[in-house]
Amino acid sequence: MIAAHTVAQVRAAEGRVMARLPAGLLMQRAAAAVDVESARILREVAGGVVGRRVVVLAGAGDNGGDALFAAARTARRGADVLVLTTSGRVHAAGAAAARAAGARVRPFAPEDTALCAEADLLLDGIAGIGGSGGLREPLRPLPAALDADGGPVVLALDLPSGLDADAGRLDAAVLPADVTLTFGTAKPCHLLGPAARTCGRLVVVDIGITGELPAPSVRRLEPVDAARAWRRARPEDDKYSRGVVGVVAGGADYTGAAVLAVEGAVRAGAGMVRYGGPAHPAELVRHVRPEVVVGPGRVQAWVLGPGVAPDDEEQGARIAAALASGEPAVVDAGALARLPEGLAPQHVLTPHAGELARLLATLGRDVDRAAVEADPAAHAHDAARATGATVLLKGTVTTVAGPGGDVVTAASATPWLSTAGAGDVLAGILGTVLAGHAGALAADPTRAAELAAVAAVVHGRAAALAAAGGPVAARDVADAVPAALTSLPGW
Ligand SMILES: NC(=O)C1=CN([C@@H]2O[C@H](COP(=O)(O)OP(=O)(O)OC[C@H]3O[C@@H](n4cnc5c(N)ncnc54)[C@H](OP(=O)(O)O)[C@@H]3O)[C@@H](O)[C@H]2O)[C@H](O)CC1
Ligand SMILES: [K+]
């Protein structure tokens, strides 16, 4: 798991640690890590450090201070270091150290854009957690100038300048990084879409504040976490203790969604799957999966809504009864259009951006799909708070928001996964995960957020296996779930 903390959480932790340590020590730890990574990158892309061209952009605050002390260390290794200050204000001790080590230090001028583009390595120390409002002039044209092939490796200090550390929004000019070294803990911008896309490879540097940090605001679940959380079959298990998943999906018009949701649940290892729906597609489901039981009975978690038409009263009644039972449920597609009052965290809504925009509109918000895509976490959160349910928003980064404020993300393994039916398979996998953890969810329904992200990680991994770098069909994703599970590190 990668944990991210807000600026306020970081500053509070940093304050407590700094009070016990000599002044400037945390900055030296940050600068040392930047120097080590810089040297590694220079060896990799330029074959060495001595004489290699390093341009350092140093802003007004301590992010600039980190950059200046790193510049001093890298200059002492023999690199050709030019520091361009991007504000009238500069960290005085850092600038003195850089000069003493042989780096040139002068203000950035618009024509320096070309020098930046020709460097082997560009350090971005313009702004960190104190930054706001995007890149300022005269730096705004810089990202476009660096975009060409053969430009420098961009190493962001703490975060790509221009991002708001606490948010996933990307609505202002940002200097995208190839590598981001972040200090103490990740920040929400590193994990939340679309901002996360500008961070490149993320490295969290331990500067000694971890012990003072509270529970993270945002977490990214990794494959190893999914392995740990997945409920394994035990020798004493029977099909009921493994978890029974009730699937209410499909209808006369959308038979495939029923099959795919059932496939997802079966392949993820449900003890038993019960299907609720009309005779057609029930026969089809039974034909594809003879192990499925058709008709009512006890279940531990529901999958509700894939392929259910808005005017399907028969399926609508099944969905309403399932939600009223209070059992954990995946609320997808057709079920999202008929949400009752009184949802709770064990109800996991699984919209894509367009569905979430429609849902928020019914709650009186003035949002469209583009607004949701521009800030997925904020909108998922808004919907979770307003409905009381957990919200899993599908996208390149899957964002899960609990009504209590926790956010868990899962990075998608392949963009090929945005294909028809893939969401039905995810709903089925998640149903099995919820059913397998029904006991834990009864004790603490807020666990649903993490479990939803577990399902997203496995779904993404199954897609990557099935696709093998190319296109993938939804049914193949379901078929690849067992292999995806056994391939998880730590399985
Ligand atoms: N957290 C830790 O434990 C440690 C953090 N370190 C580093 O310190 C920065 C945070 O430093 P801080 O001085 O608080 O803030 P910044 O450097 O991020 O920003 C300072 C000033 O920069 C100006 N600013 C704001 N936004 C922008 C922008 N978009 N473009 C350019 N400049 C911007 C603003 O000043 P103005 O007077 O110009 O308005 C800010 O006040 C943290 O990120 C780490 O890198 C420590 O070194 C290690 C411990
Ligand atoms: K930065």
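**Annotated binding site and ligand shell**

In the predicted model, Val-397 lies in strand E17, which spans residues 397–401. Val-397 is buried, because 22 other C-beta atoms lie within 10 Å and the cut-off for a buried residue is 20 or more. Residues up to four places away in sequence left aside, the contacts of Val-397 are Leu-192, Gly-193, Ala-196, Thr-409, Ala-411 and Ser-412.

Val-397 is one of the residues covered by the annotation "binding site" in an unreviewed UniProt entry, together with Lys-394, Gly-395, Thr-396, Thr-398 and Gly-423. These residues are spread over 30 residues of sequence but cluster in space, with a largest C-alpha distance of 14.1 Å.

Gly-423, also included in the UniProt annotation, is found in helix H16, which comprises residues 422–436. Gly-423 counts as buried because it has 25 C-beta neighbours inside 10 Å. When neighbours within four places in sequence are excluded, Gly-423 touches Asp-332, Thr-350, His-352 and Lys-394. Of these contacts of Gly-423, Lys-394 is itself covered by the "binding site" annotation from UniProt.

The surroundings of the ligand were also examined. Ligand 1 is surrounded by 34 residues, and the closest are Gly-61, Asp-62, Asn-63, Gly-128 and Gly-130. At least two residues of this shell come from each of helix H1 (7–18), helix H2 (25–46) and helix H3 (62–76). The most is given by H3, which supplies five residues to the shell around ligand 1. By residue class, the shell around ligand 1 consists of 13 nonpolar, 15 polar and six charged residues.

Note on methods. Residues numbered from 1 in each chain as written. Chains lettered and ligands numbered in written order. Predicted model: local features only at pLDDT ≥ 70, side-chain atom pairs only at ≥ 80, totals over all residues. UniProt positions renumbered as here; feature names shortened; annotations may be inferred. Helix = DSSP H or I, 4+ residues; strand = E, 2+ residues; numbered from the N terminus. Buried ≥ 20, exposed ≤ 12 C-beta atoms within 10 Å, placed from the backbone. Contact = placed C-beta atoms within 7 Å. Near = placed C-beta within 6 Å. Nonpolar A, V, L, I, M, F, W, Y, C, P; charged D, E, K, R; others polar.
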